[in-house]
Amino acid sequence: MTLFISLLCFISGVHLSAGGADTLKVWNRATDRIAADPLGQYYIVSGGSLVKYDVKGDSVYSWSEPQTGAITSIDASDPMRILVYQKDFNLIRFLNNRMAPISGVVRLDDLGITVPLAVATARQGGFWIIDGSTFRLRQIDMKMQTLVESAPLNLPSGSGTNDYRLIESGDQVLLLIPGKEIQVFDLFANFIRRIPIKVPSFNAYGDRILLAYPDKITLWKDPVTNETELIQSRGGEEQRRLGGEFEEACLYQDKLLIRTPGKVILLRLSKN
């Protein structure tokens, strides 16, 4: 059934019954990235600091290494092997469930990848990366060997690492080109199809895609089904209370984590 949230009510902490939500936690500050793992744990990035929160929204572990720059992106799809990318020094790190480094830092310059456009965890080990020099999707294992590599991709010019988003989901790899489309690949880096959805941000949730538009958040499965609306903002005062437009969202069961320019909000959804 369609899920619907009245933002004006939940932002003030009022419990709604059918079709509503509970506000579980609000972080009243600007942040850079958010993530959720398959165990229902949450991650918030602010500059060079990554903080992990438990299912209740309480902080449990943190990691930072400011001398190597801000954290550009993270992938928490494997809670035992969290990928952290730092653009300033072109580094990838893997952290365990206590936010401690698992192995040595991966220096992408040493692999000849000087312009990575997006990175993601590969569940068989290693990571996926879009090489901005060759415009190819590659899977690199933990021995730093390329396992599979795509043909050159058709990508727009002038985009950077902060624009693209790459996710391995099930038996597919999804590449978001914000405001244009989602490109779908199989696990051998073969191009499958384009999904003409113009959305700024997305995330994977099971066999569905969580889409974060500036004024709404939806779930979408395939071209023959409609998007299921989770949140819609009416703008104006409602948007101001939220801290601005939606920038990113993560879903775990009935909990939705939302990032806006001024806040991060953890909600519990309820069905109609």
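## Exercises: a buried arginine and an open sheet

Arg-259 is buried, with a relative accessible area of 8% (buried means under 20%, with a 1.4 Å probe and protein chains only). The model is predicted: local features need pLDDT of at least 70, side-chain atom pairs count only at pLDDT 80 or more, and totals for chains, interfaces and linings use all residues. Residues are numbered from 1 along each chain as its sequence is written, and side-chain values use heavy atoms, with hydrogens and water left out.

**Exercise 1.** Place Arg-259 and find the polar partners of its side chain.

*Solution.*
1. Locate the residue. Arg-259 is found in strand S23, residues 255-259 (strands are DSSP runs of E, at least two residues, numbered from the N terminus).
2. Look for side-chain partners. Arg-259 and Glu-247 are joined by a polar contact of 2.6 Å (a pair of N or O atoms within 3.5 Å, where one must be able to donate a hydrogen and the other to accept it; residues adjacent in sequence count only if both atoms are side-chain atoms).
3. Check the backbone. A polar atom of the Arg-259 side chain lies 3.4 Å from the backbone oxygen of Thr-31.

**Exercise 2.** Work out the strand order of the open sheet and its edges.

*Solution.*
1. Write the order. Four strands run S18-S19-S20-S21, with antiparallel pairing (two strands pair if DSSP finds at least two bridges between them).
2. Find the edges. S18 (201-205) and S21 (228-232) each have a single partner strand, so one side of each is left without a neighbour in the sheet.
3. Inspect one pair. S18 and S19 (residues 208-212) pair over five bridges. Ser-201 stands opposite Ala-212 in S19.

How values were computed: Buried < 20%, exposed > 50% of the residue type's maximum accessible area, 1.4 Å probe, protein only.
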